[in-house]
Amino acid sequence: MSNLLDDEALPGSAHLGVCDLDIRFGEQPFGVEAAHIQWHSHAGPDEVANGLALCPLHHEALDRGALGLAERKGTGLNVLISHEVRESRGGTAGSLIEFSGRRIRPPRTASRAPATLFVDWHSREVFRGPSLQIRGRG
């Protein structure tokens, strides 16, 4: 899925699906990972329609089921955060809860958007729902 990173997240600013992380070492961005929506180990293909460009935190959250995806009419894909997520009040960077209900940034080319087939698999097999309900974001 290196094409996902080459074409969607790079060059210019990082085009991550969830957050605005844009860290570079010289001219090379880092902290950008190609995440499979349907795991490769569970017959998920290595193709752009089965992937998102994510920072390491959101990649791990997707893989563990703390972060999910939902298709909403008129808004595209939105972030779901599992009701099992707990955060300390210590003000740590990298909150997951703040992303609940946010729209996933669409790819630059609509034909490269995540396929419903893979999003549905992740919802059934990985996401630890139900999702948090954040007032004002649904």
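Q: In the hairpin of strand 5 and strand 6, which residue takes a positive phi, and how many residues lie between the strands?
A: The model is predicted, and every value here is read from that prediction. Glycine 74 has the positive phi, near 85 degrees, and the hairpin has three residues between its strands.

Q: What sign of phi do most residues other than glycine have?
A: Most of them have a negative phi. Alanine 43 goes against that habit: its phi is near 70 degrees, a positive value in a residue other than glycine. Alanine 43 sits in the loop between strand 3 and strand 4. Its relative accessibility is 65%, so alanine 43 counts as exposed.

Q: How do strand 5 and strand 6 pair, and over how many bridges?
A: Strand 5 covers residues 67-72, and its pairing with strand 6 is antiparallel, over six bridges. To follow one bridge across, start at alanine 70: its partner in strand 6 is asparagine 78.

Q: How many of the residues of strand 6 are buried?
A: Five of the six, so strand 6 (residues 76-81) is mostly covered. The cut-off to keep in mind is that buried means under 20% relative accessible area. As a general idea, side chains in a regular strand alternate between the two faces of the sheet.

Q: What is the order of the elements along the protein chain?
A: Counting comes before ordering: the chain has three helices and six strands. Read from the N terminus, they run α-β-β-β-β-α-β-β-α.

Q: What share of the residues of the protein chain counts as buried?
A: The share is 41% of the 138 residues. The accessible surface of the chain comes to about 7,900 Å², and 52% of that surface belongs to carbon and sulfur atoms. Contacts can be read in terms of sequence: among those with a separation of 6 or more, 66% are between residues 24 or more positions apart.

Q: Which residues make the nonpolar surface patch of about 350 Å²?
A: The patch is made by Ile23, Phe25 and Phe30. Phenylalanine 30 belongs to strand 2, residues 28-30. With a relative accessible area of 45%, phenylalanine 30 is partly exposed.

Q: How many aromatic pairs does the structure hold?
A: It holds one. The pair is formed by tryptophan 39 and tryptophan 121, with 5.7 Å from centre to centre and 70 degrees between the planes. Planes over 60 degrees apart count as edge-to-face, and this pair is edge-to-face. Tryptophan 39 is in the loop between strand 3 (33-36) and strand 4 (51-54), while tryptophan 121 is in helix 3 (residues 116-125), so the pair ties together parts 82 residues apart in sequence.

Q: Is tryptophan 121 buried or exposed?
A: Tryptophan 121 counts as buried, at 10% relative accessibility. Its partner, tryptophan 39, counts as partly exposed at 25%.

Q: How many salt bridges does a search of the whole structure find?
A: The search finds five. One of them joins arginine 105 to aspartate 20, with the closest N and O atoms 2.1 Å apart. Arginine 105 is in the loop between strand 6 and helix 3, and aspartate 20 is in the loop between helix 1 (2-9) and strand 1 (23-25); this pair links parts of the chain 85 residues apart. Arginine 105 counts as partly exposed at 29% relative accessibility, whereas aspartate 20 counts as exposed at 61%.

Q: Which residue forms a salt bridge with glutamate 60?
A: The partner is arginine 64, and the closest N and O atoms are 2.9 Å apart. The two residues are four apart in helix 2 (residues 56-64), so about one helical turn separates them. Glutamate 60 is partly exposed at 43% relative accessibility, and arginine 64 is exposed at 60%.

Q: How is the salt bridge of glutamate 84 and arginine 128 read?
A: Their side chains meet at 2.9 Å, N to O. Glutamate 84 lies in the loop between strand 6 and helix 3, and arginine 128 in the segment after helix 3, 44 residues apart. Glutamate 84 is partly exposed at 40% relative accessibility, and arginine 128 is partly exposed at 43%.

Q: Are most peptide bonds cis or trans?
A: Most are trans. In this model, the bond from glycine 129 to proline 130 is cis, with omega near 5 degrees. Proline 130 lies in the segment after helix 3.

Notes:
Residues numbered from 1 in each chain as written. Predicted model: local features only at pLDDT ≥ 70, side-chain atom pairs only at ≥ 80, totals over all residues. Heavy atoms only, no water. Phe/Tyr/Trp six-rings, centres within 6.5 Å; stacked < 30°, edge-to-face > 60°. Buried < 20%, exposed > 50% of the residue type's maximum accessible area, 1.4 Å probe, protein only. Patch = residues over 30% accessible without salt bridge, like charges linked within 9 Å, V, L, I, M, F, W, Y side chains within 5 Å. Areas by Shrake-Rupley, 256 points an atom, 1.4 Å probe, with all protein chains shown as cover. Salt bridge = Lys/Arg side-chain N within 4 Å of Asp/Glu carboxyl O. Pairing = 2+ DSSP bridges. Contact = heavy atoms within 4.5 Å.
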